[in-house]
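Thanks for sending this one over. Here are my notes, set out point by point so that you can follow along in your viewer.

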Amino acid sequence: MEDSLEALFWAILRRFESAAIRQYDRVAPELAEAAKRAYVARLQDCGATDAVLDASELAAPVRDLLATAANNDLVTTLIVQGLFLEHLGRAIYRVAGEQDSMSPESRALAADGIVASDAVVARCTELLARTIPNGEDLFHRFVDASRDLVERLDTLGEAVDHVFGERFHLHFRDIMGDFTADLLPACVELGMTRRKVVAHLTGALMGI
Amino acid sequence: MRVASGEAVCITGASGYVGRLVAAALLAYEDVDLVIPVREKYSAADIATAVAKECETLGTPASPEMLRRLHVVALPPTSEMASLGPLLRQHRVRQIIHCAGSLSYFSASKLKEGNLDLTRALLDVAKANGVHRFLYMSTAFSAGFVAGQVREALHHDPPEDPTEYTRSKRQTEHMVADSGLDYVILRPSIVIGHSRSGLYSGRPYGLYQLWNAGERFMSDRYTPVLHAIAPRVPLQVVHQDAVQAAVLAAYREIPSGGVLHIVSREASLPTVREMWDLWFGAWARPQEMHYYDTLEEVPMQELDRQQRWLVEFAAANIEISTHPWHFAAHRLDALRRDGLAFTDASIETVANSQRVFMQNSPRIRRFLEAHADKIPAASATAPHSAGSE
C-alpha cells in the first residue's frame, strides 16, 4: 500500500478486525465466522503494518478502545463486539467506500469488509435474542457494556477527524451517522426502546 | 433552621458541580463549619481551590479564615459508611446537605449505587450520630412525565419517566422522607452558569450537553440547511447563582417536610425555539432552518443519514426540555416575598452562558475562522425558519 494515510487507515482496521476474531475465538466461537476469518487474513496481507499505527496519534485511542472491548463474558462480547463494534466497523467501511479520495483497491476492500461482517451480525442478533429475550433487560446490559466504549470512541473520533478529515473527508460525524442508522434498528429489533438507546448513546458520548 | 454556633453542616458531592456551588454559598454567607466528605481520589487542596473559585464567581472571594471552616474528609465506601460517624460527631454535624449522586441516565446499577444505596447509608449514619436534618438535592423532573402542574410534594410513579435517573431520584426522595429525620427536598431544574458572568464549572449536562454535542458534531463543516425539534415551550433552566440563593434560603428557613422547586418563572424563560435561534444564530448560521414541534413531524426520509442522526440525537438531548413542564413554586414565591434575590433565567441571561461556552470552544472559533467567507454574518435576527409552525 503506497499511500501512507491509506496504510494507516488499514492498519487500524486490521488491528480492530484481528482483535475481533481473537475475542470471538476465545469467548464467543459461534461468531468466528469463516468469512470474517478470511477477511482478517486478507488484511494481514494488505500491506498495512502495526508500525504505521504505533507511530501515529491514533495508537493510544485505538489501544484504549480495544482494551475496553476485551472481556471474558459471553453476553458482553455479544453486545460490545458482535453488535456495537461490528456495526461501527460496517459504518467505517461504508463511509470510506464512498470516498473518491480513497483508492479503488481500498474502496473494494472496504466493501468486502461489510460482506464479511454480515454473517457475524446476523448470528450475534440471533444469539442475543435467545440469551436475553427481554428488550428492557437487554437494554440495561447494553448500557453497562457500552458506556465506557462510547466514551473511548469519542476520543478516537477526535483523532480520526484530525488525521483523516481533510484528506479523505472521513469525519467522525459521518461515521456516527452511518453507525447509528444501522445500530438503532438492530437494537429495536432486539426489543430495546429506540428513544432510550439514542439518549444513552448521546449521554455516553458526552461523558455522562 | 441554621445549626447552632459550634455545630457544623456536612455537604456531600462537593467534588461535583452542584455540591461545590452549595459549599461555596454556605462558606461565603454563613458562619458555619463545613464537613466535606469526598472520595479518596480528590485531594483536600483541590476541593478547597474549586470551592474558592466558586466563591469568587459569587463575588465573595474566599479568605484564609473562610477556608479554615472547610474540613475535607474521606468519604468511606458505601458499605463502610458507618465509619463516617466519628467524624460527624467530632465536628458536631447537625445537618447534611446531600448533593452527591449518580447522574447516569439509564445505568440501573450506577443509579442504585450512587443514589439509593449511598443515600440509605448516609441516612443511617446520620441517624446514629446526632444529625437532625437532611436536605436532599433532587431534581425538578423527579415527577416524571406528568400532565398538569408538578406539585411541591412527594410524587407517585408517573405513566412514564424521561430516564431511569428521574425514577431513581423520585425513589430516593421517598427514602429520605421515610427516614425519620427532618428533611427538605430541593428540586432544581436544569442548572446553567452564573446569570451575569455566564461562568460554569460543571460537566456537560443539560443545556451544556446540547451545546457540546453541537460543537462536537457540527463544527467540522458548514451546513447550510439544518433541522431541529424546537417547540415553543419554556426551556426549564435555572442559573447557578439562583440555585445557591435558594439553597441558602432553604437551609435557613424551610421547615421539615418541605419541598422546594428551584425554578425560574415561566414568563421569563426562553422557549426551546428561542434557545435554538440564539445558538444557531451565534455561530452555525445556517441559510435555512427547519423547526418542528416533535420528532414525528420531521420528514426523516428526506434527510441524509447525518442529518437524521443529528436531529435524533439533539432531540434526545432536549427531550426532557420539550415536555411542557409547569412547576408549582409557592415556596419559592414565599421566599421571594421574604427578600430572596433570585435571578430568573431569560434569553438575555442564557446568552451570557452561551457566550462563555463559545469563547471557551476552540472548535467553534476554528469553525468561524474557516467559514467566515461563506456563512451569513451574525445578526440579532434569527436564521430563516421554516418547517412546522
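The points below go through parts of chain B, then chain A and the contact between the two chains.

1. A word on the source before anything else. This is a predicted model, so please read each point below in that light.

2. Strand E1 of chain B is a good place to begin. Five of the five residues of E1(B) are buried, so the strand is largely enclosed by the rest of the structure. Both of its faces are covered: B:Ala8, B:Cys10 and B:Thr12 lie on one side, B:Val9 and B:Ile11 lie on the other, and all are buried.

3. Which strands does E1(B) pair with? E1(B) and E2(B), residues 33-38, pair in the parallel sense over three bridges. Within that pairing, B:Val9 stands opposite B:Leu34. The chain gets from E1(B) to E2(B) through helix H1, residues 17-29 of chain B, and this β-α-β crossover is right-handed. E1(B) is also joined to E4(B) by five bridges, and these two strands run parallel. B:Ile11 has B:Ile97 of E4(B) as its bridge partner, while B:Ala8 is partnered by B:Val93.

4. E4(B) deserves its own look. Six of the six residues of this strand are buried, so E4(B) is largely enclosed by the rest of the structure. E4(B) pairs with E5(B) in the parallel sense over four bridges, and there B:His98 has B:Tyr136 as its bridge partner. Together, E4(B), H5(B) and E5(B) make a right-handed β-α-β unit.

5. Now for the helix in that unit. Is the length of H5(B) in agreement or at odds with its number of residues? Its 21 residues, 108-128, should span 30 Å at 1.5 Å a residue, and the end C-alpha atoms are 29 Å apart, which agrees. H5(B) does bend, by about 30° at B:Asp117. Just after the helix, B:Gly130 takes a positive phi of about 80°.

6. The buried residues of H5(B) include B:Lys110, B:Leu111, B:Gly114, B:Asn115, B:Leu118 and B:Leu122. An α-helix has 3.6 residues a turn, so residues three or four places apart point the same way. What do the buried residues of H5(B) pack against? Their partners are strands E1, E4 and E5 together with helices H4 and H6 of chain B.

7. Two residues are worth checking for their backbone angles. Most residues other than glycine have a negative phi. B:Arg92, however, has a positive phi near 55°; this residue is in the loop between H4 and E4 of chain B. B:Arg92 has 16 C-beta neighbours inside 10 Å and therefore counts as partly exposed. In chain A, the phi of A:His169 is positive as well, near 55°. A:His169 lies in the loop between H7 and H8 of chain A, and counts as partly exposed because it has 17 C-beta neighbours inside 10 Å.

8. Further along chain B, B:Ile262 is part of strand E11, residues 258-262. Is B:Ile262 buried or exposed? With 27 C-beta neighbours inside 10 Å, B:Ile262 counts as buried, since 20 or more is the cut-off. Among the residues that B:Ile262 touches are B:Leu186, B:Pro188, B:Val243 and B:Leu332. The C-alpha atoms of B:Ile262 and B:Ser189 are separated by 6.5 Å, although their positions lie 73 residues apart along the chain.

9. B:Pro376 sits in the loop between helix H14 and strand E14 of chain B. With 13 C-beta neighbours inside 10 Å, B:Pro376 counts as partly exposed. Leaving aside residues up to four places away in sequence, B:Pro376 touches B:Arg285 and B:Gln287. From B:Pro376 to B:His261 is 41 Å, C-alpha to C-alpha.

10. In chain A, helix H5, residues 74-97, bends by about 30° at A:Leu85. H5(A) is mostly covered, with 20 of its 24 residues buried.

11. Finally, the contact between the chains. How many residues does each chain bring to the contact? Chain A gives 24 residues and chain B gives 24 residues. On the side of chain A that touches chain B, helices H7, H8 and H9 each supply at least two residues. By class, that side of chain A has seven nonpolar, nine polar and eight charged residues.

Technical notes
Residues numbered from 1 in each chain as written. Chains lettered and ligands numbered in written order. Predicted model: local features only at pLDDT ≥ 70, side-chain atom pairs only at ≥ 80, totals over all residues. Expected span 1.5 Å × (residues − 1). Bend = angle between axes of the 7 residues up to and from the residue. Buried ≥ 20, exposed ≤ 12 C-beta atoms within 10 Å, placed from the backbone. Contact = placed C-beta atoms within 7 Å. Nonpolar A, V, L, I, M, F, W, Y, C, P; charged D, E, K, R; others polar. Pairing = 2+ DSSP bridges. Right-handed = clockwise from strand over helix to strand, strands pointing away.
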